[in-house]
Amino acid sequence: MSDLVLQVRDLVTHFPTRTGVVKAVDGVSFDIARGKTLCVVGESGSGKSVTARSILQIVDQPGRIVQGSMVLRHADGSTTDLATLHPRSQAIRRVRGREIAMIFQEPMSSLSPVHTVGDQIIEVLQLHLGMDKLAARKRTIELLEHVEIPRAATAVDRYTFEFSGGMRQRVMIAMALACNPSLLIADEPTTALDVTTQAEVIDLIKRLQTEHGMGVMFITHDMGVVAEVADDVLVMYHGKVAEYGDVDTIFHAPKDPYTQMLIGSVVKLEQKAEIRLAREPIQEAAPAVIDVRNLTMEFGSLKAVNDVSLTVRAGETLGIVGESGSGKTTMGRCLLRVYQPAAGVMNYIRGDGSTIDLASAAGADLKACRREIRMIFQDPVGSLNPRMTVAQVIGEPLLVNGIAKGRDLDDRVATLMEKVGLNPDWRERYPHAFSGGQRQRIGIARAIALQPRVIVADEATSALDVSIRAQMLDLLMQLQDELGLSYVFISHDIGVIRYMCDRVAVMYRGRVVETGSTDQVCDRPTHDYTKALLSAIPRPDPRARSIHTRHRYSE
């Protein structure tokens with residue numbers, strides 16, 4: 001018991017709404033011990049983040065803690081029930097940042113854009129430890145060095161926007177550790193990061209936990225990450241605890257059907273899709289649909305795409321994989337001529353055999369090509385107009401191109417919705433009334449509305465829960481078979497690439513460093529960067545932890 005940092009019993013947090021009470025957290029109990037990691041896992045809406053916010057009494061209005069106890073054990077052995085403290089009281093403010101620190105999911109919005117990162121950490125030290133400005137600055141530089149931010153003495157005076165996503169997350173960790181807290185709450189700290197950056201952040205949190213002996217509450221929906229870092233696992237479903245136990249038991253002897261489904265979804269993405277295995281492999285002699293040669297795209301002095309050549313064959317899924325900043329998305333946008341490339345050719349071979357260079361196409365030719373090459377975007381929320389009904393969103397390409405209107409348009413929209421597994425009766429609803437997975441289905445329906453030949457899918461499943469991810473990939477492959485589509489599938493997730501792609505191109509800093517069949521690239525990579533990418537993927541098995549001994553790549 002003396003090792004316990006926090007003991008939560010029967011926590012209940014409600015959000016009153018016009019239509020009744022939403023039980024976001026409903027009778028949750030768990031313990032967190034010093035030096036141990038509790039992973040809280042579940043899909044979006046399961047109550048993970050609200051549980052974490054309840055501990056610090058920072059639940060968004062009108063949410064409130066209705067009952068339960070959250071007993072924090074202080075360093076001197078005394079205890080405080082955090083549930084009894086007022087959210088604006090001095091008592092809870094002394095706990096926040098000092099004894100319990102939190103790393104938020106999105107470092108860009110949780111760091112101030114108008115203050116230097118140093119000033120933000122200095123403020124924490126002055127507020128909680130009463131340091132003078134000079135001592136606080138010295139300590140801040142030490143903290144930035146501690147979390148391995150290069151040239152910390154100058155980085156201290158830089159602003160948030162001058163850091164990459166992974167570096168911003170390191171700043172957040174430095175700020176969280178400023179007062180040597182006894183408990184660190186990490187809310188999806190690696191969700192927006194690449195696999196290599198994610199592995200570094202996981203390494204860092206583990207090292208700092210060992211050094212400081214703090215308890216960690218790690219919130220995530222990635223079962224691979226859970227297998228790598230957890231001592232204990234709390235599985236949440238609709239605000240309740242579905243299962244709670246040590247990591248080995250949860251992964252190798254799960255009792256709850258929901259836990260079994262979560263683990264099954266991750267394991268499924270570890271191998272090739274059944275739909276893919278049932279198909280005849282695409283032959284090398286198959287005709288090309290897009291043939292890119294020596295493509296270069298520049299933003300000022302930066303070559304985002306640097307002399308890239310690749311081919312997409314008819315009926316094939318070509319995966320483009322790499323970290324953020326490798327040029328994947330820029331490459332995809334060049335294919336749609338959202339960007340005008342600086343050099344190179346992008347030959348598109350149309351259905352009648354004629355060839356158009358997308359790099360120089362204009363007017364009617366470019367418009368015709370854009371009907372045949374469509375895009376599915378990463379963010380299913382941001383890519384749908386919130387003021388348009390689903391029928392208007394899906395029907396807009398048909399209306400704009402003069403293909404259908406009136407009753408015919410309505411019938412086509414209903415057919416498209418059925419094709420992607422949505423109820424046509426929902427077509428007068430607005431996007432906010434749909435879940436993330438359903439919104440992505442709407443985006444897919446819009447993309448296939450014009451019966452395209454090529455679809456560029458830019459991180460089309462990265463914003464989705466793992467259980468929905470496999471469904472979405474299966475849907476895309478099913479539509480590929482039905483409509484004879486070719487895909488350019490952009491992703492930073494090798495698991496997704498392995499599951500559905502025929503061939504893979506690996507990009508690093510604007511260049512393609514390796515191309516080959518999915519099996520060859522995933523199982524027998526030749527380039528060191530590809531080996532580093534593959535070894536950074538967290539495996540969904542706590543008995544096969546490998547992230548801390550992974551292959552590292554440096555030029």
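How much space lies in the largest cavity? About 50 Å³. The model on screen is predicted, and this tour begins at that cavity.

**Stop 1: the cavity**

Select Thr37, Ile202, Ile205, Lys206, Gln209, Val216, Phe218 and Val229, which line the largest cavity. A search of the whole structure finds 1 cavity of 30 Å³ or more. Colour helix α8 and strand β8 (215-220) next, as these are the elements that give two or more residues to the lining of the largest cavity. The biggest share comes from α8, with 4 residues. By class, the lining of the largest cavity divides into 5 nonpolar, 2 polar and 1 charged.

**Stop 2: the second largest pocket**

Keep α8 coloured and turn to the second largest pocket, whose volume is about 730 Å³. Select Thr196, Thr197, Glu200, Glu323 and Arg509: of the 25 residues that line this pocket, these are the closest to its centre. Then show α7 (165-177), α8 (195-212) and α21 (528-535), the elements that give two or more residues to the lining of the second largest pocket. Here α7 gives the most, with 4 residues. The lining of this pocket has 7 nonpolar, 10 polar and 8 charged residues.

**Stop 3: α7 against α5**

Stay on α7 and add helix α5, residues 133-146. The axes of α5 and α7 come within 9 Å and cross at roughly 125 degrees. The two helices are therefore oblique to each other. The crossing of α5 past α7 is right-handed. To see the contact, select Arg139, Leu143 and Leu144 on α5, and Val171, Ala174 and Leu177 on α7. Sorted by class, the contact of α5 with α7 has 5 nonpolar, no polar and 1 charged residues.

Before leaving α7, follow the chain into the loop between α7 and β7 (183-187) and select Asn180. What is the phi of Asn180? The phi of Asn180 is near 50 degrees, a positive value in a residue other than glycine.

**Stop 4: α5 against α4**

Return to α5 and add helix α4, residues 117-129. The axes of α4 and α5 come within 9 Å, with a crossing angle of roughly 120 degrees. That makes α4 oblique to α5. As α4 passes α5, the crossing is right-handed.

Select the contact residues one helix at a time:

- On α4: Gly118, Asp119, Ile121, Ile122, Leu125 and Gln126.
- On α5: Lys133, Ala136, Arg137, Arg139, Thr140, Leu143 and Leu144.

The contact of α4 with α5 has 6 nonpolar, 3 polar and 4 charged residues. Arg139, Leu143 and Leu144 of α5 take part in this contact, and Arg139, Leu143 and Leu144 also take part in the contact with α7.

**Stop 5: α15 against α16**

Clear the selection and show helix α15 (residues 390-400) with helix α16 (residues 406-419). At what angle do α15 and α16 pack? The angle is about 115 degrees, and the axes are 9 Å apart. The pair is therefore roughly perpendicular. The crossing in which α15 passes α16 is right-handed.

For the contact, pick these two sets:

- In α15: Val390, Ala391, Ile394, Gly395, Leu398 and Leu399.
- In α16: Leu409, Arg412, Val413, Leu416 and Met417.

The contact of α15 with α16 divides into 9 nonpolar, 1 polar and 1 charged residues.

**Stop 6: a cis peptide bond**

Go to the loop between α1 (48-55) and β4 (64-73) and select Pro62. Is the peptide bond from Gln61 to Pro62 cis or trans? The bond from Gln61 to Pro62 is cis, with omega near 0 degrees.

**Stop 7: Asp357**

Finish in strand β15 (residues 355-357), where Asp357 is found. Which residues does Asp357 touch, not counting residues up to four places away in sequence? Select Val345, Met346 and Asn347 to see these contacts of Asp357. For a distance to check in the viewer, take Asp357 and Asn347: C-alpha to C-alpha, the two are 4.4 Å apart in space, and they are 10 residues apart in sequence.

Note on methods:
Residues are numbered from 1 along each chain as its sequence is written. This is a predicted model: local features need pLDDT of at least 70, side-chain atom pairs count only at pLDDT 80 or more; totals for chains, interfaces and linings use all residues. Side-chain values use heavy atoms; hydrogens and water are left out. Axes are lines fitted to C-alpha atoms, for helices over the stretch in contact, and angles run from 0 to 180 degrees between N-to-C directions. Angles under 35 degrees count as roughly parallel, over 145 as roughly antiparallel, 65 to 115 as roughly perpendicular and the rest as oblique. A crossing is left-handed if the near helix is turned anticlockwise from the far one by less than a right angle, and right-handed if clockwise. Contact means heavy atoms within 4.5 Å. Ala, Val, Leu, Ile, Met, Phe, Trp, Tyr, Cys and Pro count as nonpolar, Asp, Glu, Lys and Arg as charged, and the others, Gly among them, as polar. On a 1 Å grid over the protein atoms alone, a cavity is a set of points where a 1.4 Å probe fits but cannot get out, and a pocket is an open set with protein on both sides within 12 Å along at least five of seven lines; lining residues have an atom within 4 Å of a point. Grid points are joined across faces, edges and corners, and a volume is the space filled by probe spheres set on the points.
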